[in-house]
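Below is a briefing on one protein chain, arranged by topic. The sequence and coordinates come first, then the notes.

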Amino acid sequence: MTEIPTQFITTTEALASLCARLAEEEFITVDTEFMREKTYYPELCLVQLAGTQDVAVVDAMAKGIDLAPLGELLAKPEPVKVFHACRQDVEIFLLLFGAVPVNLFDTQVAAMVAGFGDQVGYDSLVQSLTGGHIDKTYRFSDWSARPLTKAQIDYAAADVTHLRTVYEKLSARLRVEGRLEWVGQEMEVLADPNTYRVDPARAWERLKIRTNNRRQLALVKAIAAWREREAQRVNIPRGRLLKDEQIPEVAALAPDNAEALTRARGISAGFANGKSGVSLLAAIAEAKALGEADLPRIERPRDTPRASPALVALLKVLLNAAAEQNNVAARLVASGEEIEALALDETAPNPILEGWRREMFGEDALRLIRGEIALSTQGKRIKIVELNG
């Protein structure tokens, strides 16, 4: 791949020709360069694509270029579209084309299945599987600035050329181990458009709010939802409107006019009297007008059953032992929340009890909960001990 000259695509015609050739490939590798520091939505700058005969860097900001041929290529059932850590790339394509690329393969997920650890970095993966080295010189380039230098274009192209070898070696390894299907199951989440969509009504959940006041919580939820919608509307990072720590402060003040809003730390008169301030005050007023029955419910810790911490700890030991034995990243098999849910109720739906996870870990986890097995040590490893009735 390194001998193939890099094409710098700046016209719709050249892009359409490239996509027609790539559509005949068994798989293509894909990457993007974008900017997001000043916007809510990512600003696509470059798309890198590679096949057996093509390496191309597409200037997504070129005057007059129409990226529709790329959208059509990504929507085809074949070829396989290979990314590394694809979530942000896929989000961009979903925004551009209204659909997630079809037939995804994420080498970061595949590497976790193949035993390379949790969220292995691309640089480490390239070095381990190809012996190559990624030059980090241009990692923090301003990809929106034009013209781009040849060195920048070569750097961008290298991501998709190395990725071909990484994919070939990972997929061959997983095929031998019978684990390609595992990766396919993981791709179902990444192929779901809802994975990338933010619901403003749930934006408050990312905040660390501690309050037993339902009215206060209603205000927090309303302000967080307003911030998400307004950041989308004006296309700026949500923190440029209000920082996380400002939301509970504004909720505590519960201002009903612009002057009262300026009493919150960091709120200027210009903001309070502007369009954003007016819409924020409207959201606050709407939350203040909620009836008692419409206020959010607060789950009391004493009313919420908790799993046995000792059982949770024991299940985590079993998880780490299973992950070690099968050479799979433990984090991919089960999260802490999923283990706690299983310890609390083994009959409830749980990803641990589905597909390959059940085979590798879930069945033994159920047996451990039911007292059918115990854990012991053998040398420096954990082993399962069968218990008789």
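**Backbone and packing notes**

P79 sits in the loop between α2 (68-75) and β5 (80-83), where helices (H or I, at least four residues) and strands (E, at least two) are DSSP runs numbered from the N terminus. This is a predicted model, in which local features need pLDDT of at least 70, side-chain atom pairs count only at pLDDT 80 or more, and totals for chains, interfaces and linings use all residues. Residues are numbered from 1 along each chain as its sequence is written, and side-chain values use heavy atoms, with hydrogens and water left out.

**Whole chain**

- The chain holds 17 helices and eight strands.
- Its C-alpha trace spans about 75 × 65 × 35 Å along the principal axes.
- Of the 389 residues, 45% count as buried; buried means under 20% relative accessible area, exposed over 50%, and partly exposed in between (1.4 Å probe, protein chains only).
- The exposed area is about 20300 Å², and carbon and sulfur atoms supply 49% of it; accessible areas come from the Shrake-Rupley method with a 1.4 Å probe, and for residues only the protein chains shown count as cover.
- Among contacts between residues at least 6 apart in sequence, 63% join residues at least 24 apart, a contact being heavy atoms within 4.5 Å.
- There are 47 positive and 55 negative side chains, and the centres of the two sets lie 6 Å apart.
- In that count Lys and Arg are positive and Asp and Glu negative, while His and the chain ends are not counted; each charge is placed at NZ of Lys, CZ of Arg, CG of Asp or CD of Glu.

**Cis peptide bonds and positive phi**

- Most residues other than glycine have a negative phi, and most peptide bonds are trans.
- The peptide bond from E78 to P79 is cis, with omega near 5°.
- A cis bond also runs from R146 to P147, again with omega near 5°; P147 is in the loop between α5 (122-130) and α6 (150-176).
- A254 has a positive phi near 45° and lies in the loop between α10 (246-253) and α11 (258-261).
- A254 counts as buried because its relative accessibility is 18%.
- N235, in the loop between α8 and α9 (238-241), has a positive phi near 55°.
- At 28% relative accessibility, N235 counts as partly exposed.

**Helix α8 (residues 214-234)**

- The 21 residues of α8 should span 30 Å at 1.5 Å a residue, and the end C-alpha atoms are 30 Å apart, which agrees; the expected span is 1.5 Å times one less than the number of residues.
- N213 caps the N-terminal end of α8, with a side-chain oxygen 2.9 Å from the backbone nitrogen of R215.
- A polar contact is a pair of N or O atoms within 3.5 Å; within protein, one must be able to donate a hydrogen and the other to accept it, and residues adjacent in sequence count only if both atoms are side-chain atoms.
- After α8 comes N235, the residue with positive phi described above.

**Helix α14 (residues 309-326)**

- For the 18 residues of α14, the expected span at 1.5 Å a residue is 26 Å, and the end C-alpha atoms are 26 Å apart, in agreement.
- V312, L315, L318, L319, A321, A322 and A323 are buried in α14.
- An α-helix has 3.6 residues a turn, so residues three or four places apart point the same way.
- The buried residues of α14 pack against α15 (330-333), α16 (336-344), α17 (355-369), β7 (373-378) and β8 (381-386).
- N327, just after α14, takes a positive phi of about 55°.

**Residues Q48, L67 and A158**

- Q48 lies in strand β3 (residues 43-50) and counts as buried because its relative accessibility is 0%.
- The side chain of Q48 reaches the backbone oxygen of A156 at 3.2 Å.
- Leaving aside neighbours within four places in sequence, the contacts of Q48 include T29, D31, E33, A156 and D159.
- L67, in the loop between β4 (55-59) and α2, is buried, with a relative accessible area of 11%.
- L67 and T12 are 55 residues apart along the chain, and their C-alpha atoms are separated by 6.9 Å.
- Beyond four places in sequence, L67 is in contact with L15, L44, V58, A60, L96 and F97.
- A158 is in helix α6 and is partly exposed, with a relative accessible area of 22%.
- A158 and V55 are 103 residues apart in sequence, with 9.1 Å between their C-alpha atoms.
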